[in-house]
Structure formats: C-alpha cells, structure tokens
Amino acid sequence: MSMAGDAQRSSAASGDDDMPDIVDIVMQMGDADLASSPPLPAILANPSLPAHLEALAGRARDYIEAASSANTRRAYAADWKHFSSWCRRQGIEMFPPDPQVVGLYIAACASGTATGDKKPNTVSTIERRLSSLSWNFAQRGQPLDRKDRHIATVMAGVRNTHASPPRQKEAILPEDLIAMLETLDRGTLRGLRDRAMLLLGFAGGLRRSEIVGLDVGRDQTEDGRGWVEIFADKGLLVTLRGKTGWREVEIGRGSSDPTCPVVALQTWLRLARIAHGPLFRRVAGQGRAVGVDRLNDQEVARLVKRAALAAGVRGDLSEGERAKKFAGHSLRAGLASSAEVDERYVQKQLGHASAEMTRKYQRRRDRFRINLTKASGL
C-alpha cells in the first residue's frame with residue numbers, strides 16, 4: 001500500500017524544492033499506518049524544517065485543529081477507520097483514492113455488508129462517511145473526485161432507494177419544561193446546574209454544543225465557544241462563535257424566578273463558586289463537588305431525555321418511543337414552536353440564515369394559515 005507520508009519524504013529528499021511546503025510539514029504522517037491515524041496527525045520531527053520554524057509549525061497545526069469542531073474530528077477519524085477496515089477485509093488498496101472502490105464501499109454501507117453486523121447505514125450516515133473520506137484523502141494530498149460517476153451515480157441510487165423523511169425530535173413546550181424542572185433536585189449543585197442548562201438552552205434556542213461551550217467571561221479558555229454577560233435588570237447576553245462567525249443572543253428575564261433562566265444561571269454560578277472558565281462543569285460527590293472540566297455536549301441530550309421521561313412528557317407513548325423523541329434539539333424546537341412573536345425574531349434567536357429553516361423547528365405552526373385553494377376561487 002503506497003503511503004502519502006512516504007511520497008512526501010521522497011519528494012523532500014529529491015531536492016526538488018529548497019523549502020518543503022508548510023502544509024506537507026504540518027500534515028506529515030511519519031512511519032505510522034495512515035489507516036489508523038487520527039484525522040489531524042501530529043507534527044513529527046522533520047529534518048528539512050529549520051529549527052526556528054518548529055514552533056510556527058506547531059501553531060499551524062493548532063489553527064488546523066481550530067478549523068473544525070472536536071465532534072467533527074472524532075467523526076472523521078471513526079469514518080476513516082471504518083473505511084480502512086473494510087478495505088483490509090476486501091484486500092483492496094486505499095491509495096491512491098479510487099472512485100470505483102469508494103462506490104463499492106458506499107454500496108456495502110447501504111446494503112449492510114460493510115461490517116459483520118449486517119446493519120445498513122442510513123443515507124445521512126453514508127453522506128457523512130463520504131465527506132469524511134474526501135477530507136481525509138485531501139489532507140494526505142490525494143483528493144477524491146466525488147463527482148466521478150462511480151461515486152455520484154451510486155450515491156444518487158442510494159438516496160432514491162433508501163432516503164426517508166427526516167425524523168424530527170419532539171419539541172419541549174413551556175408546560176413540558178416546567179414539569180421537567182420539577183424533577184430536578186434543587187438541594188444539589190447538579191440539580192441547580194441542570195436547571196440552568198435547560199432554561200438557558202430553551203430561552204436562548206441554543207444547540208447543545210453552544211450550551212456547554214460557554215465560559216463565564218470573554219477569552220477565558222482555549223476551547224470556549226462563547227461567553228455570557230449578565231445585566232442587572234434586563235437579562236443576559238450570550239455571545240457565540242458558530243460555523244458562520246460570531247452572533248449574539250439576548251435572553252430576557254422570566255416572569256417569575258422559578259422559571260427565569262437568568263436567576264437559574266446566577267444561582268448556579270454563586271453556589272458552585274464559579275467565577276472563571278467553563279460555565280457548565282461536571283459535578284461529583286453526590287452532587288456537591290464541582291470539577292474544572294467542561295461538560296460534553298452529549299450530557300445535554302441525556303439531560304433532556306432523562307428529565308422529559310421523568311416528567312412524563314408524551315405519556316401517551318411507550319417508554320421506548322418516548323426515549324427516541326427527545327434530544328438536545330428539543331429545546332430549540334420548543335422555543336421556535338411556543339414563542340408568540342414575529343417569525344423574524346425567532347429566526348434571529350436561533351441563528352438561522354433563512355425563515356424556511358426556522359419553520360422546520362416550529363412544530364405548532366399553522367401550515368394552513370394561507371389557503372391557496374380558497375384564494376384561487378375554489
């Protein structure tokens with residue numbers, strides 16, 4: 001199997017260039033097997049790199065890591081491992097990237113033969129795997145042509161055959177949220193933290209990654225994705241760093257303290273004695289000891305699911321069906337569905353580029369408010 005790292009080292013040794021390309025330096029793989037390498041390989045010692053540029057190369061790698069989220073990098077690594085394992089079992093070379101091989105891999109994923117569990121991947125999973133392969137191949141200097149007929153035609157067939165309507169998560173409505181809050185223990189720090197997370201996530205229409213990515217103040221941690229500013233009378237301002245840049249979310253005070261996101265956050269910060277760094281952290285010691293580590297965004301999804309089940313939300317369904325209905329997005333959908341304001345304000349709060357995207361979150365929207373049948377004279 002030919003290795004991109006070997007090709008890079010051969011090029012450097014041949015003396016074609018006086019100075020190696022900085023991207024080659026940053027992405028150099030060394031002697032490790034590419035199939036098992038992480039999506040952002042570590043910078044190894046390069047004899048052709050002047051010593052005074054080693055620190056700069058390290059900084060370049062930091063910027064490469066900052067170009068994508070940790071969740072994205074983990075997904076890229078897992079998909080690359082999945083593909084490399086399939087290639088090994090089939091006795092197929094991974095390099096150079098062959099569109100026909102990738103097309104066969106896509107077919108294997110769709111038919112459930114890519115692994116031994118015989119479980120077909122969903123269309124969205126296959127599309128993500130394809131994106132992961134494109135990214136990984138590109139980082140190794142061997143781009144994959146996704147428009148090649150062996151890939152594009154197979155992928156089109158997979159979509160036509162297996163695509164299904166999107167499964168939307170259930171919206172957490174205000175009455176549901178209030179019931180969920182009652183299931184949390186106010187006598188523990190964990191209960192206070194969870195109250196603040198639910199209320200902040202709902203009132204701000206925040207994604208789970210945005211909730212746990214917040215710091216107390218600006219520029220306090222390297223992995224922070226935003227911060228909060230509390231104003232005495234009005235509420236709080238959340239500044240977020242998203243995929244398309246920075247945005248601000250205003251969260252006003254509630255009509256009563258028990259359901260006010262600002263009061264809940266202030267109570268959590270005061271009793272947890274947090275004045276710097278990550279806003280939401282792990283709590284140990286039977287809910288009484290606050291750690292220093294930031295929560296994983298999966299904890300938000302687990303919290304929403306756990307509290308919704310405990311509160312009996314959608315009690316008309318079986319427990320198994322209910323467990324599939326709720327996730328972190330239930331909070332965003334809840335705000336979009338229950339806020340009785342002009343749609344453009346909801347769109348701004350959720351950070352959507354179009355009103356159409358916002359409408360997808362509005363579970364209680366009157367789809368027949370405009371009746372074109374009657375308007376046409378029928």
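In the predicted model, the contact between helix 5 and helix 6 is formed by Val-102, Tyr-105, Ile-106, Cys-109 and Ala-110 on the helix 5 side and by Ile-126, Arg-129, Leu-130 and Leu-133 on the helix 6 side. By residue class, this contact comprises 8 nonpolar residues, no polar residues and 1 charged residue. Helix 5 spans residues 99–111 and helix 6 residues 123–139; the two pack at an angle of about 150°, and their axes are 10 Å apart. Helix 5 is therefore roughly antiparallel to helix 6, an angle over 145° being the criterion for this assignment. The crossing of helix 5 past helix 6 is right-handed.

Arg-129, which takes part in the contact with helix 5, is also engaged in a salt bridge with the side chain of Asp-79, at an N to O distance of 2.9 Å. Asp-79 belongs to helix 4 (residues 70–90) and Arg-129 to helix 6, so this pair ties together parts that lie 50 residues apart in sequence. The count of salt bridges in the model comes to 17.

A second helix pair is provided by helix 14 (residues 329–338) and helix 15 (residues 343–350), which pack at an angle of about 165° with axes 10 Å apart. This angle makes helix 14 roughly antiparallel to helix 15. Helix 14 likewise passes helix 15 in a right-handed crossing. Arg-332, Leu-335 and Ala-336 of helix 14 meet Val-346, Gln-349 and Leu-350 of helix 15. The residues of this contact divide into 4 nonpolar, 1 polar and 1 charged.

Turning to the strands, an open sheet with mixed pairing is built from 4 strands in the order 1-2-3-4. Strand 1 (214–215) and strand 4 (245–252) occupy the edges, where each has a single partner strand, so one side of each is left without a neighbour in the sheet. Strand 2 (residues 226–231) pairs with strand 3 (residues 235–242) in the antiparallel sense, over 6 bridges. In this pairing, Ile-230 stands opposite Leu-236 of strand 3.

Strand 5 (residues 281–284) and strand 6 (residues 289–294) run antiparallel and are joined by 3 bridges. Arg-281 is placed opposite Arg-294 of strand 6. The two strands form a hairpin with 4 residues between them, in which Gly-285 adopts a positive phi near 60°.

Methods
Residues are numbered from 1 along each chain as its sequence is written. This is a predicted model: local features need pLDDT of at least 70, side-chain atom pairs count only at pLDDT 80 or more; totals for chains, interfaces and linings use all residues. Side-chain values use heavy atoms; hydrogens and water are left out. Axes are lines fitted to C-alpha atoms, for helices over the stretch in contact, and angles run from 0 to 180 degrees between N-to-C directions. Angles under 35 degrees count as roughly parallel, over 145 as roughly antiparallel, 65 to 115 as roughly perpendicular and the rest as oblique. A crossing is left-handed if the near helix is turned anticlockwise from the far one by less than a right angle, and right-handed if clockwise. Contact means heavy atoms within 4.5 Å. Ala, Val, Leu, Ile, Met, Phe, Trp, Tyr, Cys and Pro count as nonpolar, Asp, Glu, Lys and Arg as charged, and the others, Gly among them, as polar. Two strands pair if DSSP finds at least two bridges between them. A salt bridge is a side-chain nitrogen of Lys or Arg within 4 Å of a carboxyl oxygen of Asp or Glu.
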